[in-house]
Amino acid sequence: MFDIIKYSLLGLMVLIFQWMLGDIFSIYGRTPSFLVIFIIYLGLTHSQLHAIWLGFLLGFISDALTGTHMMGITALALSTVGYLSGIFHGRIVRIPVIVQYLLYTGFLLVFFILTVMITLQDSQFATGNIVFLILLPRTLYTLAVLSGLFIVLRVGAE
Amino acid sequence: MASTAPSVSRYKSLINLVTAVGLSLLIIGSNATPLMVRVRGIVLESSAYLYVPIKWIETIFTIEKDYRELQQRHIKAQIELNKSRTLLNENQRLRKMLGFKNEKQFDVIPANVLSDIGSQTMNSLTVDQGSEDGVTLLSGVVDSQAQLVGKVVAISPHTALVQLVNDKNFRVSVREMRSRDVGILSYTLKTGYVIQDVPKNAEVIAGDSVLTSGFSDIFPENIFVGWVSAISPVVEDYVKTVRVDLASDFNRLEEVFILK
């Protein structure tokens with residue numbers, strides 16, 4: 001129970017950080033998603049169920065704050081990523097490092113494909129532009145931040 | 001009975017995922033319902049409480065500088081106002097002579113910016129005025145220079161969410177000052193802010209002013225939007241695309257004015 005409260009509060013802090021200070025990390029308008037990093041971390045190191053539901057809750061609040069016209073899409077994406085990362089809970093240390101980072105890239109792609117591609121599908125942007133100008137830069141940027149944080153936090157290390 | 005319990009436990013995570021995804025889809029499908037609008041309002045209202053103390057501390061450090069700036073602006077504006085009054089009188093007299101109808105009047109509600117949010121899908125900001133202060137949905141929003149900022153897309157009793165002009169989904173009907181041609185200003189990933197389908201013979205040059213056309217109920221006529229920065233080559237021989245630099249500096253907005 002204590003863990004649920006602890007990680008919920010931590011999640012809210014990450015959300016507030018993303019919301020208030022996310023722009024500081026903006027490079028050419030592309031910002032990393034700290035929320036998805038947190039949910040991946042939670043799924044890998046703590047609990048799959050908590051990752052799913054905290055992903056849902058934080059995603060929902062994030063959608064309400066950003067005013068997106070598809071409220072609920074981030075909730076869907078984060079809970080899916082929570083589930084996927086939770087599959088490797090307790091097992092990630094036994095996986096080779098390169099495969100670990102391939103998995104992280106996969107998680108991030110799932111998240112950004114769901115949020116970016118679906119949200120912008122009815123916009124006037126060509127799919128190629130969305131992929132190369134938004135999806136891939138944000139995925140790579142978030143992966144770089146995730147890598148740095150996971151090395152510091154020793155996620156995936158024995 | 002005994003055999004079902006282990007299988008439920010085995011698929012516990014999957015069942016939770018399906019439930020969460022189902023709920024998410026339900027939310028996506030009911031975005032415009034009153035319940036969801038209310039929930040969004042509650043989240044916005046709660047988020048404002050986080051920002052108020054931060055804003056208050058910021059204000060302490062900047063208040064004197066702001067006051068001096070405002071004094072300078074006030075003097076300049078007063079001089080401009082005197083000039084404008086003379087021109088307005090003349091204009092009203094001439095309009096009366098020509099039999100024009102009076103223009104629509106509007107009030108403004110000053111609002112402090114609580115937060116600005118940039119995401120891949122929406123650029124928006126939250127302000128500290130809401131429905132109880134007279135703000136209504138789809139009200140136009142301008143900055144202190146009366147330059148177009150955006151429109152209100154969600155409200156709660158004491159806060160409002162403003163979709164910015166630099167949002168990818170924002171569209172506004174604009175008029176180019178020199179040619180008087182009208183078009184829709186929108187954002188494209190490759191070229192930035194553009195007015196599309198401008199007639200090829202329109203006399204548009206870089207540096208021309210772009211203002212709202214007044215063709216929508218949201219924005220009154222003649223709100224400054226920005227400047228023409230470049231004109232694309234003529235496409236298909238009959239229209240061209242005009243690139244626009246927006247006037248308002250969205251990174252430095254501290255207060256805005258909501259048109260009522």
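**Asking why in a two-chain model**

Biologist: What makes B:Glu69 count as partly exposed?
Modeller: Its relative accessible area is 33%. Buried requires under 20% and exposed requires over 50%, so a value in between is called partly exposed. Keep in mind that this is a predicted model.

Biologist: Why is the pair B:Lys65 and B:Glu69 called a salt bridge?
Modeller: The side chains meet with an N to O distance of 4.0 Å. The limit is within 4 Å between a side-chain nitrogen of Lys or Arg and a carboxyl oxygen of Asp or Glu, so a Lys and Glu pair at that distance qualifies.

Biologist: Where do B:Lys65 and B:Glu69 lie?
Modeller: Both are in helix α3 of chain B, and they are four residues apart, about one turn of the helix. B:Lys65 has a relative accessible area of 57%. Exposed begins over 50%, so B:Lys65 is exposed. There is also a network of salt bridges here, linking B:Lys65, B:Glu69 and B:Arg73.

Biologist: How do you know that A:Lys6 and A:Asp3 form a salt bridge?
Modeller: The closest N and O atoms of that pair are 3.9 Å apart. That falls within 4 Å, so the pair counts.

Biologist: Why are A:Lys6 and A:Asp3 separated by about one helical turn?
Modeller: Because they are three residues apart in helix α1 (residues 2–21) of chain A. As for exposure, A:Lys6 comes out at 39% and A:Asp3 at 30%. Neither is under 20% or over 50%, so each is partly exposed.

Biologist: Which parts of the chain does the salt bridge between B:Arg178 and B:Asp208 bring together?
Modeller: In that salt bridge the closest N and O atoms are 3.0 Å apart. The pair links distant parts of the chain, with the two positions 30 residues apart in numbering. B:Arg178 is in the loop between β6 (172–176) and β7 of chain B, and B:Asp208 is in the loop between β8 (192–199) and β9 (209–212).

Biologist: Buried or exposed: what is B:Asp208?
Modeller: B:Asp208 has a relative accessible area of 7%. Since that is under 20%, B:Asp208 is buried. Its partner B:Arg178 is partly exposed, with a value of 47%.

Biologist: How many salt bridges are there over all chains, and how many between chain B and chain A?
Modeller: The structure holds six over all chains, while the count between chain B and chain A is zero.

Biologist: What, then, is found across the interface of chain B and chain A?
Modeller: The rule finds six residue pairs in polar contact there, both residues of each pair being at pLDDT 80 or more. On the side of chain B that touches chain A, four elements each supply at least two residues: α2 (12–29), α3 (34–98), β1 (108–118) and β7 (182–188). The largest share is 13 residues, from α2(B). By class, that side has 20 nonpolar, 16 polar and six charged residues.

Biologist: How much area is buried between the chains?
Modeller: About 3,600 Å², and carbon and sulfur atoms give 68% of it. The contact takes 42 residues from chain B and 38 residues from chain A.

Biologist: Why is B:Gln163 called buried?
Modeller: Its relative accessibility is 9%, and the cut-off is under 20%, so B:Gln163 counts as buried. B:Gln163 is placed in strand β5 (residues 160–164) of chain B.

Biologist: What makes the pair B:Gln163 and B:Asp167 a polar contact?
Modeller: Their side chains are joined at 2.9 Å. The limit for N or O atoms is within 3.5 Å, so that distance fits.

Biologist: Which residues touch the most other members of the largest nonpolar core?
Modeller: A:Ile40, A:Tyr104, B:Val127 and B:Leu185, in a core of 102 residues. In soluble globular proteins, nonpolar side chains tend to be buried together. Beyond four places in sequence, the contacts of A:Ile40 include A:Val81, A:Tyr104, A:Phe107 and A:Leu146.

Biologist: Why does A:Leu140 count as exposed?
Modeller: Its relative accessibility is 55%, and exposed means over 50%, so A:Leu140 is exposed. A:Leu140 lies in helix α6 (residues 127–153) of chain A. A:Leu140 and A:Pro32 are 108 residues apart in sequence, with 8.6 Å between their C-alpha atoms.

How values were computed
Residues numbered from 1 in each chain as written. Chains lettered and ligands numbered in written order. Predicted model: local features only at pLDDT ≥ 70, side-chain atom pairs only at ≥ 80, totals over all residues. Heavy atoms only, no water. Core = buried A, V, L, I, M, F, W, Y, C linked by side-chain atoms within 4.5 Å. Buried < 20%, exposed > 50% of the residue type's maximum accessible area, 1.4 Å probe, protein only. Contact = heavy atoms within 4.5 Å. Buried area = accessible area lost by both parts, 1.4 Å probe. Polar contact = N/O pair within 3.5 Å; in protein donor to acceptor, adjacent residues only side chain to side chain. Nonpolar A, V, L, I, M, F, W, Y, C, P; charged D, E, K, R; others polar.
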